[in-house]
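Got your viewer open? Load the model below and keep the selection tool handy; each stop says what to pick and what you will find there.

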Amino acid sequence: MRRQTTSILLLVLGTAGCDRVKDSPPGKAVLQAQDDARAAPRPAPRSIMRPAVQPPAPVPPTPLPTVITIPFDKPGVALDDAQLALLKPLIARLSATTDGIVIRGHTDSHGGDRRNRFVSLRRARLVATYLAGQGIARGRMTLVGLGEDRPIAPNAMPDGSDDPVGRARNRRVEIEIVPIDEAAGKPSGPIGPGKP
């Protein structure tokens with residue numbers, strides 16, 4: 001009896017597996033659905049520390065400084081290629097805004113005070129004339145000739161001898177961009193020789 005029960009049990013188990021239909025290969029529609037699922041955009045990754053991972057904010061372009069220095073390495077009043085290259089990005093920026101422009105000319109300490117003020121103002125006018133020739137309205141510009149009053153380097157060595165490198169650094173034009181207060185139509189800050 002035991003043998004008969006075992007045989008029946010084996011027969012039942014064997015026939016149970018015969019009823020299963022052999023797995024058929026997936027059809028074209030199934031394969032297309034799987035490809036679509038892989039190509040679908042995945043949700044943004046989630047952080048266990050923060051509620052949601054934020055993409056990094058885009059980095060804005062580096063703005064031009066509000067004061068641009070145009071060096072006059074050689075004595076005299078003329079713009080060379082290096083100075084013109086420094087003015088090009090300024091022209092692009094000024095063309096896109098209505099900001100005011102303060103142009104301050106500087107000299108080294110060679111010569112008298114009256115002559116240095118005259119030369120510094122000529123340098124400021126030279127830059128203003130170039131900017132105006134590039135389409136920047138003269139009404140936006142304020143010109144200041146400071147002469148030798150605001151050196152950024154010593155004009156002489158500690159022993160009193162001439163310092164040509166320091167003198168060259170002092171010969172410059174500084175161009176300051178002054179944002180205009182839209183409501184008042186005036187520069188939003190002080191301009192002119194009194195401003196450092």
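**Stop 1: Gln83**

Select Gln83 to begin, and you land in helix H3. Helices here are DSSP runs of H or I with at least four residues, strands are runs of E with at least two, and both are numbered from the N terminus. Gln83 is buried, at a relative accessible area of 4%. For that label, buried means under 20% relative accessible area, exposed means over 50%, and partly exposed is in between, using a 1.4 Å probe and protein chains only. Now show what surrounds Gln83: leaving out residues up to four places away in sequence, it touches Ile70, Pro71, Phe72 and Ala78. Contact means heavy atoms within 4.5 Å.

A word on what you are looking at: this is a predicted model, where local features need pLDDT of at least 70 and side-chain atom pairs count only at pLDDT 80 or more, while totals for chains, interfaces and linings use all residues. Numbering runs from 1 along each chain as its sequence is written, and side-chain values use heavy atoms, with hydrogens and water left out.

**Stop 2: the whole chain**

Zoom out and colour by secondary structure. You should see five helices and six strands, and walking along the sequence gives α-α-β-α-β-α-β-α-β-β-β. Of the 196 residues, 25% count as buried. Take the contacts between residues at least 6 apart in sequence: 69% of them join residues at least 24 apart. Switch on the surface if you like; its accessible area is about 13800 Å², with 61% belonging to carbon and sulfur atoms. That area comes from the Shrake-Rupley method with a 1.4 Å probe, and for residues only the protein chains shown count as cover.

**Stop 3: helix H4**

Pick residues 113–133, which make up helix H4. Its 21 residues should span 30 Å at 1.5 Å a residue, and the end C-alpha atoms are indeed 30 Å apart, so the two agree. The expected span is 1.5 Å times one less than the number of residues.

Which residues of H4 are buried? Highlight Asn116, Val119, Ser120, Arg123, Ala124, Val127, Ala128, Tyr130 and Leu131. They pack against helix H3 (81–95) and strands S2 (100–106), S3 (141–145) and S4 (172–178). Step just past the end of H4 and you meet Gly135, with a positive phi of about 100°.

**Stop 4: the nonpolar core**

Stay with Leu131 and show its contacts. Ignoring neighbours within four places in sequence, Leu131 meets Leu87, Leu90, Ile91, Ile103, Ile136 and Met141. In the largest nonpolar core, which has 19 residues, Leu87, Leu90, Ile103, Leu131 and Ile175 touch the most other members. H4 gives this core its largest share, five residues, and the elements that give two or more are S1, H3, S2, H4 and S4. A nonpolar core is a set of buried Ala, Val, Leu, Ile, Met, Phe, Trp, Tyr and Cys residues joined through side-chain atoms within 4.5 Å.

**Stop 5: a charged trio**

Time for salt bridges: the structure holds six. The criterion is a side-chain nitrogen of Lys or Arg within 4 Å of a carboxyl oxygen of Asp or Glu.

Select Asp113 and Arg117, whose side chains form one at 3.7 Å, N to O. Both sit in helix H4, four residues apart, about one turn of the helix. Asp113 is partly exposed at 40% relative accessibility, and Arg117 is also partly exposed, at 32%. Add Asp149 to the selection: it bridges to Arg117 at 2.3 Å, N to O. This pair links distant parts of the chain, with Asp149 in the loop between S3 and H5 and Arg117 in helix H4, 32 residues apart. Asp149 is partly exposed too, with a relative accessible area of 42%. Shared partners join Asp113, Arg117 and Asp149 into one network.

**Stop 6: Arg171 and its neighbours**

Next, centre on Arg171, which pairs with Asp108 in a salt bridge whose closest N and O atoms are 2.6 Å apart. Arg171 is in the loop between helix H5 (164–170) and S4, and Asp108 is in the loop between S2 and H4, so the pair ties together parts 63 residues apart in sequence. Buried or exposed? Arg171 and Asp108 are both buried.

Finish at Asp73, in the loop between strand S1 (67–71) and H3. Asp73 counts as exposed, at 53% relative accessibility. Apart from neighbours within four places in sequence, Asp73 is in contact with Ala168 and Arg171. Draw one last distance, C-alpha to C-alpha, from Asp73 to Pro164: they are 9.6 Å apart in space and 91 residues apart in sequence.
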